[in-house]
Amino acid sequence: MQTTPLGPVKLTQPPKLASPAVVVRGVSKRLTGRLVLDDIHLTVSQGEFFALVGPSGSGKSTLLKMVSGIDFPDSGEVWLGGHDVTTLPAYRRDVHTVFQSYALFPHLDVQENVAFPLRVARMAHEEKKRRVAQALSWVRLDHFATRRIDKLSGGERQRVAVARALVDGPACVLLDEPLAALDPHLRNSTLELLQEIQSRLRVTYIYVTHDRQEALRAAGRIGVLREGRLEQVGAPTELYRCPSSAFVASFLGPINWFEGLVQSGGSRSIRLRSGQHLPLDDHQSVETGRILLGVRPEDIVVGGEQFLAAVVLHQDFCGSTVTLRMASDEGVAINAELRGDSASPPVGARVSLSWPPNVAHVFPFDDVGPTT
């Protein structure tokens, strides 16, 4: 045994990440006649922190229900730890869910809430006592064992829910918007705690969130859902820098979109409606016709070479960064993000804008992403 900031942890060999903890094969689901999951294929490795993101109604929570056994697919299979559990009810699956609403028993104190899965499993008293104490140490609630649930803050209640989900060492922990009810400060500290626990215990997380920053910051891989389909799965840097669609590019962070036309004849530029041309990187493969070109605010260079001219309309100071809100001469809204300590042009100033061509994202025009 080794003592860590999370308490005693049994030393084991690191899991082979190629070994799957959760496999979803061709899962589809209809609710009230609407297709909410459409042929989902997904593999989550043992010890992985995997995040699911997407707008409301995209199927995130429904997919979690398929894995947990709260609901069942109309077609397809769900495998846990190498076993087909598609038709097994929730109580027979080695997974626990942490809900946004905490779902704690108000008539039980902290330790009794955490002990509930062990009591259901009829675990011996001494072993149950040891495991509850260990789980409370993981979430830093050692001194709250006998406290009533209604005497806890929101962040403390969520930590009790996390301890209960971990206490019997499940194969997978499902976290459904676990931080949504917390204020920003508690969200950050609780997310850091969840990361620390996951790293120390090497437990498998499937983490559902609306907050793309949470996913980018915490997850090893992210799956982006759109209208019941997995749009793209990959590492945070891959999805952010190499999105497969305008939808993914927009959903994972602010981006400036320019509508243009790629002309025939091998031109390596995009012609805007104003007649101005924006350069394309030599490695970008685009077809002739209408396209969308996207550039993230942090990639916009203010001053120097001019691709576009714009007027500064507003400055948003955020401490470490300043966001310039501008309008191009063509009337296109453009945001640029600068370092907070850098000199920025005043409101009303005319500026020249450019960017390295290799950071631009180019998609067919009909692949329109969300604006929020």
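**Aromatic pairs, charged contacts and a covered helix**

Phe-247 is buried, as is Phe-251, in what is a predicted model. These two residues form an aromatic pair of the stacked kind, with 6.0 Å from centre to centre and 15° between the planes. Because they stand four residues apart in helix α8 (residues 246–251), Phe-247 and Phe-251 are separated by about one helical turn. In general, an α-helix has 3.6 residues a turn, so residues three or four places apart point the same way.

Across the whole structure, the search finds seven aromatic pairs. In one of them, the rings of Phe-49 and Tyr-207 have centres 5.6 Å apart and planes at 45°, so this pair is tilted. Phe-49 belongs to strand β5 (residues 49–53) and Tyr-207 to strand β10 (residues 204–208), so that the pair ties together parts lying 158 residues apart in sequence. Phe-49 and Tyr-207 are both buried, and ring pairs link these two residues with Tyr-205 into a cluster. Aromatic rings also take part in contacts with charged side chains: Arg-290 lies over the face of Phe-365, at 3.7 Å from the ring centre, while the charged end of Arg-296 sits over the ring of Tyr-240, 4.0 Å from the centre of that ring.

The count of salt bridges comes to 19. Among them, Arg-187 is joined to Glu-214, with the closest N and O atoms 2.6 Å apart. Arg-187 lies in helix α5 (residues 184–201) and Glu-214 in helix α6 (residues 212–218), so this salt bridge ties together parts that are 27 residues apart in sequence; both of its members are buried. The side chains of Glu-192 and Arg-217 likewise meet in a salt bridge, at 3.1 Å from N to O, and this pair links Glu-192 in helix α5 with Arg-217 in helix α6, 25 residues apart. Glu-192 counts as partly exposed because its relative accessibility is 46%, and Arg-217, with a relative accessible area of 38%, is also partly exposed.

A further salt bridge joins Arg-339 to Asp-341, whose closest N and O atoms are 2.8 Å apart. Here Arg-339 is exposed, its relative accessible area being 58%, and Asp-341 counts as exposed at 59% relative accessibility. Elsewhere, Lys-29, Asp-71 and Asp-74 are linked in a network of salt bridges.

Arg-164, which lies in helix α4 (residues 154–166), is buried yet has no salt bridge. The nearest side chain of opposite charge is that of Asp-168, 9.4 Å away, whereas a salt bridge requires the nitrogen and the carboxyl oxygen to be within 4 Å. The side chain of Arg-164 instead reaches the backbone oxygen of Ala-103 at 2.9 Å. When residues up to four places away in sequence are not counted, Arg-164 touches His-96, Tyr-102, Ala-103, Leu-104, Phe-105, Asn-113, Val-114 and Pro-117.

Helix α1 (residues 60–68) is mostly covered, with seven of its nine residues buried. The buried residues of α1 are Lys-60, Thr-62, Leu-63, Leu-64, Met-66, Val-67 and Ser-68. This helix is followed by Gly-69, which has a positive phi, near 90°.

Terms used: Residues are numbered from 1 along each chain as its sequence is written. This is a predicted model: local features need pLDDT of at least 70, side-chain atom pairs count only at pLDDT 80 or more; totals for chains, interfaces and linings use all residues. Side-chain values use heavy atoms; hydrogens and water are left out. Helices (H or I, at least four residues) and strands (E, at least two) are DSSP runs, numbered from the N terminus. Buried means under 20% relative accessible area, exposed over 50%, partly exposed in between (1.4 Å probe, protein chains only). Lys and Arg count as positive and Asp and Glu as negative; His and the chain ends are not counted. A polar contact is a pair of N or O atoms within 3.5 Å; within protein, one must be able to donate a hydrogen and the other to accept it, and residues adjacent in sequence count only if both atoms are side-chain atoms. Contact means heavy atoms within 4.5 Å. Rings of Phe, Tyr and Trp (its six-membered ring) pair if their centres lie within 6.5 Å; planes under 30 degrees apart count as stacked, over 60 as edge-to-face and the rest as tilted. A charge sits over a ring if NZ of Lys or CZ of Arg is within 6 Å of the ring centre and within 35 degrees of the ring normal.
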